[in-house]
Amino acid sequence: MGFGIGNPTSAMSDFLRQAGGYAVIDGGLATEFERHGADLNDPLWSAKCLISSPHLIKTVHLDYLEAGADIIITASYQATIQGFESKGMSREESEALLKRSVEIACEARDTYYERCAEHHLSEGIKNDKILKNRPILVAASVGSYGAYLADGSEYDGNYGDAVTLSTLKEFHRRRVQVLAEAGPDLIAFETIPNKIEAQAFAELLVEDGINIPAWFAFNSKDGVNVVSGDSVVECASIAESCEKAVAVGINCTPPRFIQGLILSIQKVTTKPILIYPNSGETYDPDRKQWVQSTGVSDEDFVSYVSKWREYGASLIGGCCRTTPNTIKAIYKTLKSPADSPSPL
(Lines give C-alpha, C1' and ligand atoms only; values in the text may rest on other atoms or scores of the structure.)
Protein backbone atom coordinates (compact mmCIF):
# COMPACT_ATOMS: atom_id res chain seq x y z
CA MET A 1 0.00 0.00 0.00
CA GLY A 2 3.02 2.28 0.29
CA PHE A 3 2.16 3.18 3.89
CA GLY A 4 4.84 5.26 5.57
CA ILE A 5 7.12 5.65 2.56
CA GLY A 6 8.54 9.15 2.68
CA ASN A 7 7.12 10.44 5.94
CA PRO A 8 6.11 7.68 8.39
CA THR A 9 4.74 10.08 11.01
CA SER A 10 2.35 11.84 8.65
CA ALA A 11 1.28 8.46 7.20
CA MET A 12 0.07 7.31 10.62
CA SER A 13 -1.65 10.63 11.25
CA ASP A 14 -3.43 10.34 7.90
CA PHE A 15 -4.42 6.75 8.64
CA LEU A 16 -5.88 7.71 12.02
CA ARG A 17 -7.75 10.62 10.46
CA GLN A 18 -9.30 8.29 7.88
CA ALA A 19 -10.20 5.87 10.67
CA GLY A 20 -12.15 8.58 12.44
CA GLY A 21 -9.45 9.57 14.90
CA TYR A 22 -9.03 6.15 16.49
CA ALA A 23 -8.00 2.82 15.00
CA VAL A 24 -8.91 -0.68 16.16
CA ILE A 25 -6.16 -3.30 16.41
CA ASP A 26 -7.13 -6.97 16.24
CA GLY A 27 -7.09 -9.40 19.19
CA GLY A 28 -5.43 -12.61 20.29
CA LEU A 29 -4.38 -15.01 17.52
CA ALA A 30 -3.01 -18.07 19.29
CA THR A 31 -5.90 -18.39 21.69
CA GLU A 32 -8.33 -18.08 18.77
CA PHE A 33 -6.44 -20.81 16.89
CA GLU A 34 -6.82 -23.01 19.96
CA ARG A 35 -10.53 -22.21 20.17
CA HIS A 36 -10.81 -23.50 16.60
CA GLY A 37 -9.11 -26.75 17.65
CA ALA A 38 -5.41 -26.12 16.92
CA ASP A 39 -2.88 -27.77 19.23
CA LEU A 40 -0.19 -25.16 19.93
CA ASN A 41 1.75 -27.04 22.58
CA ASP A 42 4.95 -26.47 20.64
CA PRO A 43 7.96 -24.11 20.83
CA LEU A 44 6.66 -22.45 17.66
CA TRP A 45 3.33 -21.68 19.37
CA SER A 46 1.04 -19.78 16.97
CA ALA A 47 3.67 -19.98 14.21
CA LYS A 48 3.00 -23.71 14.10
CA CYS A 49 -0.17 -22.89 12.15
CA LEU A 50 1.94 -21.48 9.30
CA ILE A 51 2.99 -25.09 8.73
CA SER A 52 -0.08 -27.05 9.76
CA SER A 53 -3.11 -24.87 9.09
CA PRO A 54 -2.57 -21.63 7.14
CA HIS A 55 -6.27 -21.66 6.21
CA LEU A 56 -7.09 -21.22 9.91
CA ILE A 57 -4.89 -18.14 10.11
CA LYS A 58 -6.80 -16.51 7.27
CA THR A 59 -10.12 -17.41 8.91
CA VAL A 60 -9.14 -15.72 12.16
CA HIS A 61 -7.81 -12.63 10.35
CA LEU A 62 -11.18 -12.37 8.60
CA ASP A 63 -13.03 -12.82 11.89
CA TYR A 64 -11.17 -9.81 13.25
CA LEU A 65 -11.75 -7.71 10.14
CA GLU A 66 -15.46 -8.50 10.32
CA ALA A 67 -15.35 -7.48 13.99
CA GLY A 68 -14.12 -4.03 12.94
CA ALA A 69 -10.32 -4.26 13.16
CA ASP A 70 -8.48 -1.60 11.16
CA ILE A 71 -5.11 -3.32 11.70
CA ILE A 72 -4.41 -7.04 11.56
CA ILE A 73 -1.18 -8.51 12.91
CA THR A 74 0.50 -11.45 11.18
CA ALA A 75 0.98 -14.88 12.75
CA SER A 76 4.74 -14.40 12.95
CA TYR A 77 5.16 -13.44 16.61
CA GLN A 78 6.97 -16.67 17.44
CA ALA A 79 8.08 -17.38 13.86
CA THR A 80 11.86 -17.21 13.61
CA ILE A 81 14.35 -18.63 11.16
CA GLN A 82 16.18 -20.26 14.06
CA GLY A 83 12.98 -21.80 15.38
CA PHE A 84 11.99 -23.26 12.04
CA GLU A 85 15.51 -24.57 11.45
CA SER A 86 15.36 -26.35 14.81
CA LYS A 87 12.40 -28.25 13.34
CA GLY A 88 14.60 -29.46 10.49
CA MET A 89 13.63 -26.89 7.88
CA SER A 90 16.11 -25.25 5.55
CA ARG A 91 16.91 -21.54 5.61
CA GLU A 92 14.90 -21.11 2.39
CA GLU A 93 11.87 -22.94 3.81
CA SER A 94 12.08 -20.90 7.00
CA GLU A 95 12.17 -17.61 5.15
CA ALA A 96 9.28 -18.73 2.95
CA LEU A 97 7.13 -19.34 6.05
CA LEU A 98 7.89 -15.86 7.34
CA LYS A 99 6.84 -14.38 4.00
CA ARG A 100 3.75 -16.56 4.02
CA SER A 101 2.59 -15.02 7.29
CA VAL A 102 2.40 -11.63 5.57
CA GLU A 103 0.84 -13.04 2.41
CA ILE A 104 -1.95 -14.73 4.39
CA ALA A 105 -2.83 -11.47 6.13
CA CYS A 106 -2.82 -9.57 2.83
CA GLU A 107 -5.01 -12.27 1.25
CA ALA A 108 -7.45 -11.94 4.16
CA ARG A 109 -7.60 -8.20 3.61
CA ASP A 110 -8.29 -8.73 -0.13
CA THR A 111 -11.04 -11.25 0.64
CA TYR A 112 -12.57 -8.85 3.13
CA TYR A 113 -12.64 -6.04 0.56
CA GLU A 114 -14.33 -8.42 -1.88
CA ARG A 115 -17.02 -9.18 0.70
CA CYS A 116 -17.54 -5.47 1.31
CA ALA A 117 -17.94 -4.87 -2.43
CA GLU A 118 -20.53 -7.65 -2.68
CA HIS A 119 -22.84 -6.08 -0.12
CA HIS A 120 -22.70 -2.28 -0.68
CA LEU A 121 -24.11 -1.68 2.79
CA SER A 122 -24.89 1.88 3.84
CA GLU A 123 -24.45 1.01 7.50
CA GLY A 124 -21.54 -1.35 6.88
CA ILE A 125 -23.09 -4.10 9.02
CA LYS A 126 -24.62 -7.41 7.92
CA ASN A 127 -25.56 -10.24 10.28
CA ASP A 128 -23.62 -8.39 13.00
CA LYS A 129 -20.48 -8.41 10.82
CA ILE A 130 -18.72 -5.14 10.06
CA LEU A 131 -18.44 -4.98 6.26
CA LYS A 132 -17.13 -1.50 5.67
CA ASN A 133 -14.62 -0.56 2.99
CA ARG A 134 -11.95 1.32 4.89
CA PRO A 135 -8.15 1.59 5.06
CA ILE A 136 -6.75 -1.58 6.64
CA LEU A 137 -3.12 -2.07 7.62
CA VAL A 138 -1.18 -5.33 7.85
CA ALA A 139 1.40 -5.29 10.64
CA ALA A 140 4.14 -7.94 10.52
CA SER A 141 4.67 -9.22 14.05
CA VAL A 142 8.17 -9.55 15.48
CA GLY A 143 8.19 -11.13 18.92
CA SER A 144 11.04 -10.83 21.36
CA TYR A 145 14.08 -13.08 21.69
CA GLY A 146 12.36 -14.49 24.77
CA ALA A 147 9.43 -15.66 22.65
CA TYR A 148 11.82 -17.74 20.53
CA LEU A 149 13.30 -19.28 23.69
CA ALA A 150 9.74 -20.38 24.61
CA ASP A 151 10.70 -20.44 28.30
CA GLY A 152 8.55 -17.56 29.46
CA SER A 153 11.44 -15.07 29.42
CA GLU A 154 9.46 -12.60 27.33
CA TYR A 155 7.47 -12.17 30.56
CA ASP A 156 10.51 -11.25 32.66
CA GLY A 157 13.06 -9.94 30.14
CA ASN A 158 15.91 -11.80 31.80
CA TYR A 159 18.13 -13.10 29.00
CA GLY A 160 21.32 -13.37 31.03
CA ASP A 161 24.61 -11.50 30.67
CA ALA A 162 25.65 -13.48 27.59
CA VAL A 163 22.92 -11.88 25.46
CA THR A 164 24.19 -8.50 24.30
CA LEU A 165 22.88 -5.78 21.99
CA SER A 166 24.89 -7.37 19.18
CA THR A 167 23.44 -10.82 19.97
CA LEU A 168 19.91 -9.50 19.68
CA LYS A 169 20.53 -7.59 16.47
CA GLU A 170 22.04 -10.62 14.78
CA PHE A 171 19.20 -12.83 16.00
CA HIS A 172 16.49 -10.56 14.59
CA ARG A 173 18.26 -9.09 11.55
CA ARG A 174 17.34 -11.46 8.73
CA ARG A 175 13.87 -12.10 10.14
CA VAL A 176 13.04 -8.39 10.08
CA GLN A 177 14.45 -8.05 6.54
CA VAL A 178 12.37 -10.96 5.24
CA LEU A 179 9.16 -9.73 6.84
CA ALA A 180 9.68 -6.17 5.59
CA GLU A 181 10.30 -7.39 2.05
CA ALA A 182 7.12 -9.51 2.07
CA GLY A 183 4.87 -6.48 1.70
CA PRO A 184 3.30 -5.53 5.05
CA ASP A 185 2.46 -1.93 5.83
CA LEU A 186 4.54 -1.83 8.98
CA ILE A 187 6.48 -3.94 11.48
CA ALA A 188 4.98 -4.58 14.92
CA PHE A 189 7.72 -5.09 17.50
CA GLU A 190 5.66 -6.70 20.24
CA THR A 191 5.90 -7.69 23.89
CA ILE A 192 9.32 -6.02 24.17
CA PRO A 193 10.46 -6.93 27.68
CA ASN A 194 13.53 -4.76 28.18
CA LYS A 195 15.39 -1.67 27.03
CA ILE A 196 18.23 -3.49 25.26
CA GLU A 197 15.89 -5.26 22.84
CA ALA A 198 14.10 -2.01 22.03
CA GLN A 199 17.49 -0.49 21.23
CA ALA A 200 18.32 -3.48 19.02
CA PHE A 201 15.11 -3.02 17.04
CA ALA A 202 15.64 0.73 16.65
CA GLU A 203 19.19 0.24 15.39
CA LEU A 204 18.19 -2.54 12.99
CA LEU A 205 15.61 -0.32 11.29
CA VAL A 206 18.32 2.21 10.49
CA GLU A 207 21.31 -0.06 9.84
CA ASP A 208 19.42 -2.30 7.43
CA GLY A 209 17.51 0.46 5.68
CA ILE A 210 14.14 -1.11 6.43
CA ASN A 211 11.79 0.74 4.09
CA ILE A 212 8.59 0.51 6.13
CA PRO A 213 7.77 2.01 9.53
CA ALA A 214 7.32 0.15 12.81
CA TRP A 215 5.60 0.36 16.14
CA PHE A 216 7.09 -0.54 19.51
CA ALA A 217 4.88 -2.28 22.09
CA PHE A 218 6.24 -3.11 25.55
CA ASN A 219 4.80 -5.31 28.29
CA SER A 220 4.54 -4.60 32.00
CA LYS A 221 3.50 -6.51 35.10
CA ASP A 222 3.50 -3.66 37.61
CA GLY A 223 2.19 -0.64 35.68
CA VAL A 224 5.45 1.29 36.18
CA ASN A 225 8.25 -0.61 34.46
CA VAL A 226 8.52 -3.09 31.63
CA VAL A 227 8.71 -6.69 32.81
CA SER A 228 12.52 -6.67 33.13
CA GLY A 229 12.36 -3.81 35.60
CA ASP A 230 13.60 -1.25 33.07
CA SER A 231 11.74 2.06 33.18
CA VAL A 232 8.85 2.21 30.72
CA VAL A 233 9.68 5.90 30.23
CA GLU A 234 13.24 5.05 29.18
CA CYS A 235 11.97 2.32 26.85
CA ALA A 236 9.40 4.62 25.25
CA SER A 237 12.12 7.24 24.79
CA ILE A 238 14.00 4.82 22.54
CA ALA A 239 10.96 4.52 20.29
CA GLU A 240 10.41 8.28 20.38
CA SER A 241 13.93 8.89 19.11
CA CYS A 242 13.53 6.36 16.28
CA GLU A 243 12.42 8.16 13.10
CA LYS A 244 10.87 5.01 11.65
CA ALA A 245 8.67 4.39 14.71
CA VAL A 246 5.12 5.57 14.05
CA ALA A 247 3.57 4.57 17.38
CA VAL A 248 4.63 3.40 20.82
CA GLY A 249 2.70 1.70 23.57
CA ILE A 250 1.84 -1.40 25.53
CA ASN A 251 0.63 -4.91 24.75
CA CYS A 252 0.08 -8.20 26.60
CA THR A 253 -0.37 -6.41 29.92
CA PRO A 254 -3.34 -6.57 32.36
CA PRO A 255 -5.95 -3.88 31.64
CA ARG A 256 -5.75 -2.49 35.19
CA PHE A 257 -2.22 -1.15 34.52
CA ILE A 258 -2.87 0.54 31.20
CA GLN A 259 -4.10 3.95 32.31
CA GLY A 260 -0.97 4.72 34.32
CA LEU A 261 1.29 3.42 31.56
CA ILE A 262 -0.36 5.72 29.01
CA LEU A 263 0.33 8.70 31.26
CA SER A 264 3.97 7.65 31.69
CA ILE A 265 4.53 7.19 27.96
CA GLN A 266 2.90 10.54 27.19
CA LYS A 267 5.66 12.27 29.14
CA VAL A 268 8.26 11.31 26.54
CA THR A 269 6.53 10.80 23.20
CA THR A 270 4.68 12.84 20.63
CA LYS A 271 3.86 9.71 18.62
CA PRO A 272 0.44 8.03 18.69
CA ILE A 273 0.02 5.71 21.67
CA LEU A 274 -1.15 2.16 21.05
CA ILE A 275 -2.69 -0.13 23.62
CA TYR A 276 -3.59 -3.78 23.20
CA PRO A 277 -3.68 -5.52 26.57
CA ASN A 278 -4.34 -9.16 27.32
CA SER A 279 -7.48 -10.25 29.15
CA GLY A 280 -5.82 -9.77 32.52
CA GLU A 281 -5.21 -13.47 32.97
CA THR A 282 -1.84 -14.66 34.21
CA TYR A 283 0.38 -16.91 32.07
CA ASP A 284 2.07 -19.84 33.80
CA PRO A 285 5.27 -20.46 31.78
CA ASP A 286 5.94 -23.79 33.50
CA ARG A 287 2.54 -25.26 32.67
CA LYS A 288 2.33 -23.18 29.46
CA GLN A 289 -1.24 -22.28 30.33
CA TRP A 290 -3.26 -19.20 31.15
CA VAL A 291 -4.73 -19.07 34.66
CA GLN A 292 -8.33 -18.29 33.79
CA SER A 293 -9.55 -17.07 37.18
CA THR A 294 -7.25 -14.05 37.00
CA GLY A 295 -8.87 -12.39 33.98
CA VAL A 296 -11.64 -9.90 33.28
CA SER A 297 -14.77 -10.35 31.17
CA ASP A 298 -15.21 -8.77 27.75
CA GLU A 299 -17.61 -6.30 29.35
CA ASP A 300 -15.09 -5.28 31.99
CA PHE A 301 -12.29 -5.09 29.41
CA VAL A 302 -14.28 -2.81 27.15
CA SER A 303 -15.34 -0.63 30.09
CA TYR A 304 -11.73 0.58 30.19
CA VAL A 305 -11.64 1.62 26.53
CA SER A 306 -13.23 5.06 26.84
CA LYS A 307 -10.81 5.92 29.63
CA TRP A 308 -7.79 4.78 27.60
CA ARG A 309 -8.98 6.94 24.73
CA GLU A 310 -9.60 9.86 27.07
CA TYR A 311 -6.09 9.55 28.50
CA GLY A 312 -4.49 9.62 25.05
CA ALA A 313 -4.47 6.22 23.33
CA SER A 314 -5.44 6.35 19.67
CA LEU A 315 -4.83 2.74 18.58
CA ILE A 316 -6.62 0.18 20.76
CA GLY A 317 -7.11 -3.58 20.51
CA GLY A 318 -6.46 -6.77 22.43
CA CYS A 319 -3.75 -9.37 22.92
CA CYS A 320 -3.78 -12.87 24.42
CA ARG A 321 -7.18 -14.29 25.38
CA THR A 322 -9.13 -11.48 23.75
CA THR A 323 -11.50 -12.50 20.95
CA PRO A 324 -13.38 -11.08 17.95
CA ASN A 325 -16.22 -10.30 20.38
CA THR A 326 -13.82 -8.15 22.41
CA ILE A 327 -12.69 -6.34 19.27
CA LYS A 328 -16.24 -5.78 18.07
CA ALA A 329 -17.08 -4.17 21.41
CA ILE A 330 -13.98 -1.95 21.14
CA TYR A 331 -15.03 -0.99 17.60
CA LYS A 332 -18.50 0.00 18.77
CA THR A 333 -17.04 2.06 21.60
CA LEU A 334 -14.44 3.87 19.51
CA LYS A 335 -16.54 4.40 16.41
CA SER A 336 -19.73 5.65 18.05
CA PRO A 337 -20.27 9.15 16.63
CA ALA A 338 -21.83 10.41 19.83
CA ASP A 339 -18.92 9.25 21.95
CA SER A 340 -15.80 10.01 19.93
CA PRO A 341 -13.90 13.19 20.67
CA SER A 342 -11.20 13.54 18.05
CA PRO A 343 -7.59 13.51 19.20
CA LEU A 344 -6.42 15.19 16.01
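**Figure 1. Strands E8 and E9 pair side by side in the predicted model.** In this predicted model, strand E8 and strand E9 (residues 273-276) run parallel and are joined by four bridges. One position where the pairing can be followed is Ile250, whose bridge partner in E9 is Ile275. Strand E9 also pairs with E12, and here three bridges join the two strands, which again run parallel. Within this second pairing, Ile273 has Ala313 as its bridge partner in E12.

**Figure 2. Eight strands form an open sheet with parallel pairing.** Reading across the sheet, the strands come in the order E1-E12-E9-E8-E7-E6-E5-E2. Strand E1 (23-24) and strand E2 (71-73) stand at the edges, and because each has a single partner strand, one side of each is left without a neighbour in the sheet. At the E1 edge, the pairing with E12 is in the parallel sense and consists of two bridges, with Ala23 standing opposite Leu315 of E12.

**Figure 3. Strand E7 is covered on both of its faces.** How many of the five residues of strand E7 (residues 214-218) are buried? Five of the five are, so the strand is largely enclosed by the rest of the structure. On one side of E7 the buried residues are Ala214, Phe216 and Phe218, while on the other side they are Trp215 and Ala217. Strand E6 (residues 186-192) pairs with E7 in the parallel sense over four bridges, and in this pairing Ile187 of E6 stands opposite Ala214 of E7.

**Figure 4. Helices H8 and H9 pack against each other.** Two packed helices are described by the angle between their axes and by the distance between those axes. For helix H8 (residues 165-181) and helix H9 (residues 195-207), the angle is about 50° and the axes are 9 Å apart. The two helices are therefore oblique to each other, and H8 passes H9 in a right-handed crossing. On the H8 side, the contact is made by Leu165, Leu168, Lys169, His172, Arg173 and Val176, and on the H9 side by Ile196, Glu197, Gln199, Ala200, Phe201, Glu203, Leu204 and Glu207. When the residues of this contact are sorted by kind, seven are nonpolar, two are polar and five are charged.

**Figure 5. Helices H4 and H6 cross, with Thr111 taking part in their contact.** The axes of helix H4 (residues 54-65) and helix H6 (residues 91-119) come within 9 Å and cross at roughly 50°, which makes H4 oblique to H6. This crossing of H4 and H6 is right-handed. From H4, the residues Pro54, Ile57, Lys58, His61, Leu62 and Leu65 meet Ile104, Ala105, Glu107, Ala108, Arg109, Thr111, Tyr112 and Arg115 from H6. The residues of this contact divide into eight nonpolar, two polar and four charged. Is Thr111, which lies in helix H6, buried or exposed? Its relative accessibility is 15%, and Thr111 therefore counts as buried, since buried means under 20% relative accessible area. Leaving aside residues up to four places away in sequence, Thr111 touches Lys58 and Leu62.

**Figure 6. Cys252 sits in a loop and has a positive phi.** The loop that holds Cys252 is found between strand E8 (245-251) and helix H11 (258-266). Phi of Cys252 is near 45°, a positive value in a residue other than glycine. With a relative accessible area of 5%, Cys252 is buried.

**Figure 7. Arg321 lies in a loop that comes before helix H14, and its phi is positive.** The loop in question runs between strand E12 (313-316) and helix H14 (324-334). Phi of Arg321 is near 75°, again a positive value in a residue other than glycine. Arg321 is partly exposed, with a relative accessible area of 26%. In helix H14, by contrast, eight of the 11 residues are buried, so the helix is largely enclosed by the rest of the structure. The buried residues of H14 are Pro324, Thr326, Ile327, Lys328, Ile330, Tyr331, Thr333 and Leu334.

Methods
Residues numbered from 1 in each chain as written. Predicted model: local features only at pLDDT ≥ 70, side-chain atom pairs only at ≥ 80, totals over all residues. Heavy atoms only, no water. Buried < 20%, exposed > 50% of the residue type's maximum accessible area, 1.4 Å probe, protein only. Pairing = 2+ DSSP bridges. Axes fitted to C-alpha atoms, helices over the stretch in contact; angles between N-to-C directions. Parallel < 35°, antiparallel > 145°, perpendicular 65-115°, else oblique. Left-handed = near helix turned anticlockwise from the far one by under 90°. Contact = heavy atoms within 4.5 Å. Nonpolar A, V, L, I, M, F, W, Y, C, P; charged D, E, K, R; others polar.
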